[in-house]
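Please look over the sequence and the model below before reading on. The text then goes through the structure part by part.

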Amino acid sequence: MTLNFCELRDRCGLGLDDVAAEFGESMDVVFRWESGESPPDRVLRSLMIMADFSRRSPEANPVVLQSEQHEVPVREQCMTPRQRKSRLGQFMTPASVAEFMASLFDFRSTEDIRLLDAGAGQGALTAAFVERVGTARVASTAFEFDDQILPDLRANLAALRAKAYCELIERDFIEEAANCICLGRGTRYTHAILNPPYKKIGNDSRQRALLRAAGLETVNLYSGFVGLALELLEPGGELVAIIPRSFCNGPYYQPFRRFILRRASVRHIHLFDARNKAFRDDGVLQENIIIKLVRGAEQGPVIVSTSTDDSFADHAEKQHDFARIVFPDDADEFIHIPTGNDEQLLERASFGHSLADLGLTVSTGPVVDFRLRESLRADPESGAVPLLYPGHFGAGGLQWPKPGFKKPNAIRDTMATRKWLYPNGFYAVVRRFSSKEERRRIVANVVDPARLPAQMIGIENHLNVFHAKRQPIPGELAHGLAAYLNATAVDTYFRRFNGHTQVNATDLRAMRYPSREALIVLGQWAKGRASIAQDEIDERVKSL
């Protein structure tokens, strides 16, 4: 069935007069679908979203990127280059990274290539791709709307026109792509190469609504760009993108992981070992990966490669079964990036236990200090109980109270605070945050009740605490759990799917553990030792 805009508006009874400006009321603007009683949801969703935003005031939606020319707000004109990049989530691709990304594509000699470069920046990725292709026919489409870099992009694309047909669309990629997907129109590409913007998007933002209309629920521009670009590929089309590693784990990116894994196969993942090297000129302290996806292809082995930085001087790669990348029994579909041999230890059947199997759970420390400021005390006093921060734990174990500590040592035990406190006893705790280039990601300690003269204790929000339904756990189990979590193999395994400095309770629940009995044996060995060398812990864990 085919209807033009006016006929569709009248048939649906949606009263979308304001949307006419989006399409015009020309008979040339049509919507097509199979014959039936009413248009499909994708058409209705797209029209309703555009109508909703067309009715919003300019103040509610200050940057409207529809046409090829748009004014830059005064506040952006006053920004420094780095401030502007941060606001747009924009970081330019180094030439060496662009060349490596282009090298990951496969080309068929007779293929007419249609390339998508969404968020093209200055055109480094398109240029590297065109150079890599050689004599093949290339039609490139670049999306970019930043007025400050468009002159450079236009010049760089013009320089490629002897080798490729280059189209530049100076509009918002998310809006254009989402509408194409919802309405079932637009170009389908054979290849896509992306360095998308890295920026969170609000739940009620225009971008979030457009992405939802296209069937993608996500929380960051980069995942939105990748998802839409993947959807615009034809079957067998290839996508290569450099993106933060944060999507590999955690609940917020679960819909995005499912979106890409249902539509494409993962063929290659490249990891930069140094967090601050891939975009060193922009000061980005983000762990980035380069990922290659193939639309609609059968999943097979995955190549995992590494290099310290964007020079690729120490580039190395290894092929892995996909079952080592996404575990078949993992409902959350965490994406693991194995890079060494240590983490294979935890793939043994003896390390296949969950926290539920152990009768344990892990939670974020419930005391959020700024919300309970009036109940906090610098030092112990009558009516107050110990409050534990990460700074109370060190090489010698738990130190409380801590003289001269910048944080409170105690919290009042009252009717108002009691629900945030735990009974004093043994617990294993893990710091939630590590510094940018710290050697270890997981740092575990034991809460020893003998050092805390109180019936209740407070555990601050920067610690994760292992407990049994908010009750203490046996001392030997707490010591065994802490020793296990401090093993090198465990830390390496954790880094397979966690690419940032935060250790969330969700991530600790997703870990693999030895049996309760094995942890108790380990705890019997560790308990009472003032200090244990790292190699001693590693050897003990290997013997479990």
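The paragraphs that follow begin with the whole chain and then turn to single helices, a sheet, the salt bridges and the cysteines.

The model is a predicted one. Its protein chain holds 18 helices and 22 strands. Of the 544 residues in the protein chain, 53% count as buried. Among contacts in the protein chain with a separation of 6 or more, 77% are between residues 24 or more positions apart.

Two helices serve as a starting point. Helix α9 covers residues 173-183 and is mostly covered, with 10 of its 11 residues buried. The buried residues of α9 include Phe 173, Ile 174, Ala 177, Ile 181 and Leu 183. Polar residues are listed there too, among them Glu 175 and Asn 179. At the N-terminal end, α9 is capped by Asp 172, which places a side-chain oxygen 3.1 Å from the backbone nitrogen of Ile 174. After α9 comes Gly 184, with a positive phi near 65°.

Helix α11 can be read in a similar way. Because 11 of the 11 residues of α11 are buried, this helix is largely enclosed by the rest of the structure. The buried residues of α11 include Leu 221, Tyr 222, Phe 225, Val 226 and Leu 228, and also Glu 231. The N-terminal cap of α11 is Asn 220: one of its side-chain oxygens lies 3.2 Å from the backbone nitrogen of Tyr 222.

Next comes a sheet. Strands of a sheet are held in pairs by backbone hydrogen bonds, in a parallel or an antiparallel sense. Here 4 strands make an open sheet with antiparallel pairing, and their order is β12-β22-β19-β20. At the edges are β12 (361-364) and β20 (444-447), each of which pairs on one side only. Neighbouring strands of this sheet are turned against each other by 30° on average, direction ignored. Inside the sheet, β19 (residues 427-431) and β22 (residues 463-467) pair over 4 bridges in the antiparallel sense. One residue pair to look for is Ala 428 and its bridge partner in β22, Phe 466. Helix α14 (residues 475-485) lies across β19, β20 and β22, and runs at about 165° to β20.

The next topic is charge. Side chains that carry opposite charges can pair when their charged atoms come close. The model has 20 salt bridges. What is the distance between the closest N and O atoms of Arg 114 and Glu 234? In this salt bridge the closest N and O atoms are 2.4 Å apart. Arg 114 belongs to strand β3 (residues 112-118) and Glu 234 to strand β7 (residues 233-244), so the pair ties together parts that are 120 residues apart in sequence. Arg 114 has a relative accessible area of 27% and is therefore partly exposed. Glu 234 is also partly exposed, at 23% relative accessibility.

A second salt bridge leads back to helix α11. The side chains of Glu 231 and Arg 295 meet at 4.0 Å, N to O. Because Glu 231 lies in helix α11 (residues 221-231) and Arg 295 in strand β9 (residues 288-295), this pair ties together parts 64 residues apart in sequence. Both Glu 231 and Arg 295 are buried.

A third salt bridge joins Glu 333 and Arg 258, whose closest N and O atoms are 3.3 Å apart. This pair links distant parts of the chain: Glu 333 is in the loop between β11 (316-320) and α13 (355-358), while Arg 258 is in helix α12 (residues 254-263), and the two are 75 residues apart. Glu 333 is buried, its relative accessible area being 12%, whereas Arg 258 is partly exposed at 33%. Elsewhere, Asp 106, Glu 238 and Lys 292 are joined into one network by salt bridges that share partners.

The cysteines come last. How many disulfides are there? The count is 0. Cys 180 is in no disulfide, and the nearest cysteine sulfur, that of Cys 182, is 9.6 Å away. A disulfide needs the two sulfur atoms within 2.5 Å. Cys 180 and Cys 182 are both among the buried residues of α9. The relative accessibility of Cys 180 is 16%, so this residue counts as buried. Cys 248 is buried as well, with 0% relative accessibility.

Definitions and conventions
Residues are numbered from 1 along each chain as its sequence is written. This is a predicted model: local features need pLDDT of at least 70, side-chain atom pairs count only at pLDDT 80 or more; totals for chains, interfaces and linings use all residues. Side-chain values use heavy atoms; hydrogens and water are left out. Buried means under 20% relative accessible area, exposed over 50%, partly exposed in between (1.4 Å probe, protein chains only). A polar contact is a pair of N or O atoms within 3.5 Å; within protein, one must be able to donate a hydrogen and the other to accept it, and residues adjacent in sequence count only if both atoms are side-chain atoms. Two strands pair if DSSP finds at least two bridges between them. Axes are lines fitted to C-alpha atoms, for helices over the stretch in contact, and angles run from 0 to 180 degrees between N-to-C directions. Contact means heavy atoms within 4.5 Å.
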